[in-house]
Structures are given as C-alpha cells and as structure tokens.
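Student: I would like to go through this model with you, beginning with the contact between its chains and then turning to the sheets.

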Amino acid sequence: MIVIKVIFLILIAFSGGIAISTAFAAFLTTVGFMKVMVVRTKTYNMVKFYEILVFFSVLAGTLTMLSDFKIVLGKMFLCIVGFFNGAFVGVVAISLAEVLNVFPVLKKRAKLKKGLKYLILTVAIGKIIGSLVYWIVPGFIVK
Amino acid sequence: MKNYKVVYVKMKDKILVEEVKDIKIEDIAEIIGDEDLKNEIEKRHILTISSNVNKMYEISLSNVIKAINNMDSSILVHSIGEKETIIKYLYKKEKQNKVWQFCKIVFVSFIVFFGGAVAIMTFHTDVSMPEIHKQIFETFMGVRVDKPLLVQIPYSIGIGLGIILFFNSFTNNIDRYPTPLEIEISKYDADTLIATKEKIENNDSN
C-alpha cells in the first residue's frame, strides 16, 4: 500500500515539474527576452548554448529554493549576481512593453515623430531611480 | 509576329556590399533564361553608390525591368521571389573583433543564467511552492514534514526534463526542427526586413 502511495507521489511531483518548467520556458520565449539579446549582440550561432544554459539556470534556481544548498563566494560575487538579476528584470520589462505594443501606440497617439529614443532613455533612468527608492527608502516594501 | 524571349528574375532579399561602388544586376538578382541572354543581362550596371558613409539602399523590381527593357525591349520578364532588394553598403570592411564578441557572449550568458534562476525563484515564491509540496506530501503520507524530499527530488528532475523537452537542444543537428527560440528570431528578422524597407522609403521621400 505504501509503495503505491510513494509511486503516486513521485509521479505527481515529476509531472508537476515538467508542467511548470515548460510553462516557464514558453513564457521566456514568448516575452522575447532571449530573442532580443541574441539579436542585439548578433551571436546567432550560440542559440543552442543559451538554451542549455537556461536548463542549468532553472535547475540551479529550483535547487536553491528547495534545499539547504550553500556556496559562499563573497560580497563581490553578490554584487555581480545582483547586477545581472537587475539586467534580466529590465530586459523582461521592456520586452513585455514591446510585445504589448506600448511604444507604438504611444508614438501614434502622442504623435511623437522623433523623440522615441529619448523616451526609452527616460524610461530606463526612471526605472533605476524607482528601484533605488523602493529598496533604500523605508516604507515602500509592504510585508 | 514578334519573337518574345522570356527571362525569370529572382531578386535576393538583402545583400551586403563592402567598399564596392558599382552594383550589377548579378549582385542583386538571379536570372534564369537563355545562356547568352543571361550573361548579357547579368553584366549590366544598375546602381552607382555615391555615398561616403554606411548607407542602406533599396532597388525594386521596376528598376531591373527598366534596365532589361532598355537593353532589348522584346524581352518578357517574369518575377519569382522578392520584389525589392535591400543593399547594405559598408564604407569600410567591418572588423571581426573576437575579444568583443567573447565579452558579449559572456555578458548575455550571465544575464540568462542569473536571470533565469531568480525568475524561477520568484515564480515559486509567488505561488508558494514549498507549501504546496508539503501539502502534497501530507495528503499521501499523512505526516507533515519540514522537507518533503520525496516530492522535491522528482520535482526537480521534472523541471530539468521539461526545459529539455521544450527546447530540444540535445538532439542531433540533422533531424532537429528549429527550436522555439530560433522561430522567434526568424520572425523578428522577417519583421525587420519589412520595417527596413519602410524606413528607407520614408527617408527617401523626406
């Protein structure tokens, strides 16, 4: 009896993992986060490598959350991780805006003809300032 | 009765020229037809580039047809393929800087790795996945455990397998359909071609 329960448990957890990660990978691809970076850096022949990298990154993230896995590598490494984490969030935010056609609609409605690149620059600066205020000024993080 | 000669013209969608200012028909299109006629048409000059900076040009099928008709007005021209060619003219050859390329790859790899890991961690926190795991374990085993390893280990294996299934990057190159990422990139390239043509036409009319 207990063997059947264990087998069921393993089956459910396994299929749950597959469902979650395919949904996650589909989200990453549709938002266009990896596509944008590959096109901007013109490294088309590394696509296979990036996909394998996503595999490792998802595995690393899951293992960190679910276990007591610790690698202590110092403050400098933490700064680097934070920087790239922020870069990822920024790329996803702008890709989402592109996918939802925020900028084209703004350009047509506000009849902007030339200032689009300055608009994007101001959005980036606003995001930096907003993020700093959110983390540093007390009271913004709601528990 | 006039004797029509038929040629088929297949224009390329985009070409790259470096430091060459004289464009012939053979650079921008493929001509199918009678051998002598084909050689004569291909050598005809169609565009002189008069710019000293990097610039994009667009040649449409009508220019090619006019050039062929100037040569011999009894030729019937059929078009197969694109109706315009985009010419990207580089004033100087682009240097392939390997170090810069490597730096870009490293940068993108770091973003993909750390970004993906943190994204899935935030996703799990959003949906309180540890709580769900403990609940599943309790449902089947009757006991509440702090670390339901029996659920977590198959779950982690499933996560890895799901990514491999989705991207399919571990199979041979030969029988591999384009992965979702490559499909997105080629869609983006097709859209870029359309947008580039529009941009060149707008610039010319300004």
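Tutor: This is a predicted model. We begin with the contact between the two chains: 59 residues of chain B touch residues of chain A. On the side of chain A, the number in contact is 59.

Student: How much area is buried between chain B and chain A, and what share of it do carbon and sulfur atoms give?

Tutor: The size of an interface is often given as the accessible area lost when the parts come together. For chain B and chain A that area is about 5,800 Å². The share given by carbon and sulfur atoms is 82%.

Student: How many salt bridges are there between chain B and chain A, and how many residue pairs are in polar contact?

Tutor: A salt bridge needs a side-chain nitrogen of Lys or Arg within 4 Å of a carboxyl oxygen of Asp or Glu. Between chain B and chain A the count of such pairs is zero. Residue pairs in polar contact, with both residues at pLDDT 80 or more, number six.

Student: Which element of chain B gives the most residues to the side that touches chain A?

Tutor: The elements that give two or more residues to this side are helix 4 (98–126), helix 5 (129–141), helix 6 (149–167) and helix 7 (180–205) of chain B. The one that gives the most, with 21 residues, is helix 4 of chain B.

Student: By class, how many residues on that side of chain B are nonpolar, polar and charged?

Tutor: The side of chain B that touches chain A has six charged residues and 16 polar ones. The nonpolar residues there number 37.

Student: Which strands are the edges of the sheet with the order 2-8-6 in chain B?

Tutor: This sheet is open, has three strands and shows mixed pairing. Its twist averages 25° from one strand to the next. Strand 2 joins strand 8 (residues 84–90) of chain B in parallel through five bridges, and L16(B) stands opposite K88(B). An edge strand pairs on one side only, and here the edges are strand 2 (14–18) and strand 6 (55–60) of chain B.

Student: In the sheet with the order 4-1-7, which strand of chain B runs antiparallel to strand 1?

Tutor: The sheet is open and its pairing is mixed. Strand 1 (residues 5–11) and strand 7 (residues 75–79) of chain B are parallel over five bridges, with K5(B) opposite I75(B) and V6(B) paired with L76(B). Four bridges serve the antiparallel pair, in which K10(B) has E30(B) as its partner. The strand that runs antiparallel to strand 1 of chain B is strand 4 (residues 29–32).

Student: What angle does helix 3 of chain B make with strand 7 of chain B?

Tutor: In this sheet the edge strands are strand 4 and strand 7 of chain B. Helix 3 (residues 61–71) of chain B packs on the sheet and touches strand 1 and strand 7 of chain B. The direction of helix 3 makes with that of strand 7 an angle of about 165°.

Student: Which residue meets K197(B) in a salt bridge?

Tutor: Over all chains, the whole structure has eight salt bridges. In the one formed by K197(B), the N to O distance is 3.5 Å. The pair links distant parts of the chain, 113 residues apart, with K197(B) in helix 7 and its partner in strand 8 of chain B. That partner is E84(B).

Notes:
Residues are numbered from 1 along each chain as its sequence is written. Chains are lettered from A and ligands numbered from 1 in the order in which they are written. This is a predicted model: local features need pLDDT of at least 70, side-chain atom pairs count only at pLDDT 80 or more; totals for chains, interfaces and linings use all residues. Side-chain values use heavy atoms; hydrogens and water are left out. Contact means heavy atoms within 4.5 Å. Buried area is the accessible area (1.4 Å probe) that two parts lose on being put together, summed over both. A polar contact is a pair of N or O atoms within 3.5 Å; within protein, one must be able to donate a hydrogen and the other to accept it, and residues adjacent in sequence count only if both atoms are side-chain atoms. Ala, Val, Leu, Ile, Met, Phe, Trp, Tyr, Cys and Pro count as nonpolar, Asp, Glu, Lys and Arg as charged, and the others, Gly among them, as polar. Two strands pair if DSSP finds at least two bridges between them. Axes are lines fitted to C-alpha atoms, for helices over the stretch in contact, and angles run from 0 to 180 degrees between N-to-C directions.
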